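Open the model in your viewer and keep the selection tool ready. We will go stop by stop.

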Amino acid sequence: MNMPFYVAPEQIMKDRADYARKGIARGKSLVALTYRDGILLCAENVSNTLRKISEIYDRIAFAGVGKYNEFDQLRIAGVRHADLKGYAYSRQDVDARSLANQYAQILGQIFTHEMKPMEVEILVAEIAGEPGSEQLFHILYDGTVNDESRCSVLGGEADAISERLANLYEPGLEVAPALRVAAAALAGPERSLGADDLEVAILDRTLGRRCFRRLEMAEIAELLPDALPTSADQPAAEAAE
Amino acid sequence: MSLPPRRTLPLFGIGEDPGPSFAGLLAATSPAGGAPATGQAEIPGVSHATTTVALRHCDGVLMAGDRRATAGNLISHRSIEKVFPAGRYAGVAIAGAAGPSMEMVRLFQLQLEHYEKVEGQPLSLDGQANQLSQMVRANLTSALQGLVVVPLFAGWDQRRRRGRLFQYDVTGGRYEEQDYAAAGSGSLHAGTVVKLGFRPDLEPTEAADLAISALFQAADEDAATGGPDLVRGIFPVVVNIDSDGYRRLEDSHIEERFRSLLASLEVAADAPDAGRSAGDAS
């Protein structure tokens, strides 16, 4: 009788974590930061249709990086969970903490019991009535939850981006400077990101019941004035080479 | 109606996924809902909401509904609302049994929002009207027990760039109207007033005045329709829907329009030939 090879549990977990991390690192990163009116979420995303950031509920947004089909499945499950809960109880009973716990359960379960871990990192962001009450739940591929209060960075280059963000960020920024900080942190010193490289959405507490709003390309371009010529220059620079 | 859904994250296999339908999601996660089959011909003591009107004007559509709910010969509520937003660019007005109507509106609003979030784009106006049609049809067995729900649906069609309105019957039949529609117990009188005053080029303010006059005349003839309540400060709900979306008119504005309508009616009644013109609204 053939005995299966013995593999230490530490090794299994490490292999799975490496696999998930590699998958996540292949994609582009995402930044969320609090600003004067709420939370700004900014992702490097060239696609205008396959979204990384979306609305979950009145005051809750979702963002994911990694494998699109996997985090999109989680996004839809989150929308369903929130809408069902709001329907059964009341709209004010839907909160990010409970949703983040649900996500953590699912991701943890899949990480330990399934063949393949999910190659995703997700963020559940929530704003409340007054400034300073923002919540950012950052959930990793293995179900680890981090509760962050000011900024959060998701993706393969998170460490480098976090460092840049820490240098640029200050609390209480307006939306335009907040977006510039996010774009600069994502881009790094060597390159610059324009409106067509970014996907941006805000949770704005001044918007009424549904606080989530996606910024259109033209609006992003307007808020990022110095980024515009760079992205327009790029084709010319390529042509010159 | 249904038990709270299970608290775990709703994940489905490929075959069981309800897609962007909230009703499908509810059915998949909680025990069967719907009104209990009592076997009784009519359920007594149910509140009914009454007259609503909708009409097109040059910028979009306008909807209005009175504030009274009745249970038999008694007034059960003086200030219920019958006109609700449905998404950013549409409104739904309900007439019929108050409880099932409110529940239908709640589910309808939720369905539109759920679809928009899951799919990433809002449902078209035709799609919304069709959804409501299916919800009215699903209520047919309750309607046979007297729990009739007859909505009006109106909105700004962003693809065709104009206001549109739809009328329904209890079987879920959906009829698009070109100019105006009325539903509820006072709909005959309200509809006639709108019919006589309607022009396709009405300004939004003129349309609001016409709707206010229609509700006033309906309340004058129909006991189940509430007129303006100047003592308690309760006035019909009037909403305007145009390319900027759904907007409810201020109560103070509606009060002012009612007072000017009443003043014009008083002048007509005081005229020397009052005997003939007393019932003339114009």
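Here is a short tour of selected helices and strands.

This is a predicted model: local features need pLDDT of at least 70, side-chain atom pairs count only at pLDDT 80 or more, and totals for chains, interfaces and linings use all residues. Residues are numbered from 1 along each chain as its sequence is written, and chains are lettered from A and ligands numbered from 1 in the order in which they are written.

**Stop 1: a hairpin.** Select strand 3 of chain A, residues 53-57 (strands are DSSP runs of E, at least two residues, numbered from the N terminus). 5 of its 5 residues are buried, so the strand is largely enclosed by the rest of the structure. Buried means that 20 or more other C-beta atoms, placed from the backbone, lie within 10 Å of the residue's own. Now add strand 4 of chain A, residues 60-66. The two strands pair in the antiparallel sense over 4 bridges (pairing needs at least two DSSP bridges). They form a hairpin with 2 residues between them. Find A:S54; its bridge partner is A:F62.

**Stop 2: a sheet.** Which order do the strands of the open sheet in chain A have? The order is 8-1-2-9-10, with antiparallel pairing. Strand 8 (151-154) and strand 10 (212-214) stand at the edges, each with a single partner strand, so one side of each is left without a neighbour in the sheet. Next, select strand 1 (residues 30-35) and strand 2 (residues 38-44) of chain A, which pair over 6 bridges. There, A:A32 has A:L41 as its bridge partner.

Methods:
Buried ≥ 20, exposed ≤ 12 C-beta atoms within 10 Å, placed from the backbone.
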